[in-house]
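Trainee: I've just opened this one and don't know where to start. Could you walk me through it?

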Amino acid sequence: MSSPANSLPKTLPKTLPKTLLAGVAGGIVASLAMDLFQKGAASLFDQGGSNGDPATVKAADSAKRAATGDTVTQKHRESAGQLVHYVTGAALGAGYALAARRWPETTAGFGTAFGVGVATLLDDVAVPAFGWGPGPGETPASTHAYGLASHVVFGVALEGTRRLVEAVD
C-alpha cells in the first residue's frame, strides 16, 4: 500500500505564486539585461545622450509630485529613474507571466513579440501621452530602432528567466 506522500506528483503544478515569482524575477532580470544592452549599444544607434532627463526620471517626478507636491531632488534623480525602470519591469513581468499562463501564445518569438508591444505602448504611446518625451513622429529613426531593440532584449530575457524559474521544482 502506498502512502499519501508517495502518491504526490513528482512536479508540482504551476501555482499562482510561482507564476508571479517567475514574472517578477523575469521582469527584474530583463530590466537589467535592457540596461546592459543600452550601455553597450548606445553608440551603435547614435544615442550620445541628451541634456534632458530620461522618461523614467520624469515618471518619478510625476509620481512624487502627485504624492507630495514636490519633484525628485537632483541628488536622487538617477536612482529614482532606475527605481521606476525596475518596478515597471517587475510589473510588466508579472503581467506577462500571468498572460503566458492563460494564453501560451503570449510568449511568441520567445518574448520578442511582447518586447515589441511594450516598446510601442511605452515609448510611442505612454511616454508622449504623459508628457515625458516626444511623440513617435518627433523621434529620430535611430532612437526608435534603439528603443525597439532594447525592448526586444527585455522580452527575450523576460521569457528566458520566466521559463527557468517555472522549471525549478
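**Helices and rings**

Mentor: Sure, and keep in mind that this is a predicted model. Start with helix α4 (residues 112-129) and helix α5 (residues 141-167): their axes come within 7 Å and cross at roughly 135°.

Trainee: Which word describes how α4 lies to α5?

Mentor: Take the crossing angle of roughly 135°. Roughly antiparallel would need an angle over 145 degrees, and roughly perpendicular covers 65 to 115. That makes α4, relative to α5, oblique.

Trainee: Is the crossing of α4 and α5 left-handed or right-handed?

Mentor: The handedness depends on which way the near helix is turned from the far one, and clockwise counts as right-handed. For α4 passing α5, the crossing is right-handed.

Trainee: How many residues in the contact of α4 with α5 are nonpolar?

Mentor: On the α4 side you'll find F114, V116 and V118, among others, and the α5 partners include L148, V152 and F154. The contact also has six polar and two charged residues. The nonpolar count is nine.

Trainee: Why is the pair of Y96 and F114 called tilted?

Mentor: It's one topic among the four aromatic pairs in the structure. The ring centres of Y96 and F114 are 4.6 Å apart. Stacked planes would be under 30 degrees apart and edge-to-face ones over 60. The planes here are at 55°, so the pair is tilted.

Trainee: How far apart in sequence are the parts that Y96 and F114 tie together?

Mentor: Both residues are buried. Y96 sits in helix α3 (residues 77-102) and F114 in helix α4, so the pair ties together parts separated in sequence by 18 residues.

Trainee: Which residues do ring pairs link into a cluster?

Mentor: Look for the ring pairs that join up as a cluster. Its members are F37, F45 and Y146.

Definitions and conventions:
Residues numbered from 1 in each chain as written. Predicted model: local features only at pLDDT ≥ 70, side-chain atom pairs only at ≥ 80, totals over all residues. Heavy atoms only, no water. Axes fitted to C-alpha atoms, helices over the stretch in contact; angles between N-to-C directions. Helix = DSSP H or I, 4+ residues; strand = E, 2+ residues; numbered from the N terminus. Parallel < 35°, antiparallel > 145°, perpendicular 65-115°, else oblique. Contact = heavy atoms within 4.5 Å. Nonpolar A, V, L, I, M, F, W, Y, C, P; charged D, E, K, R; others polar. Phe/Tyr/Trp six-rings, centres within 6.5 Å; stacked < 30°, edge-to-face > 60°. Buried < 20%, exposed > 50% of the residue type's maximum accessible area, 1.4 Å probe, protein only.
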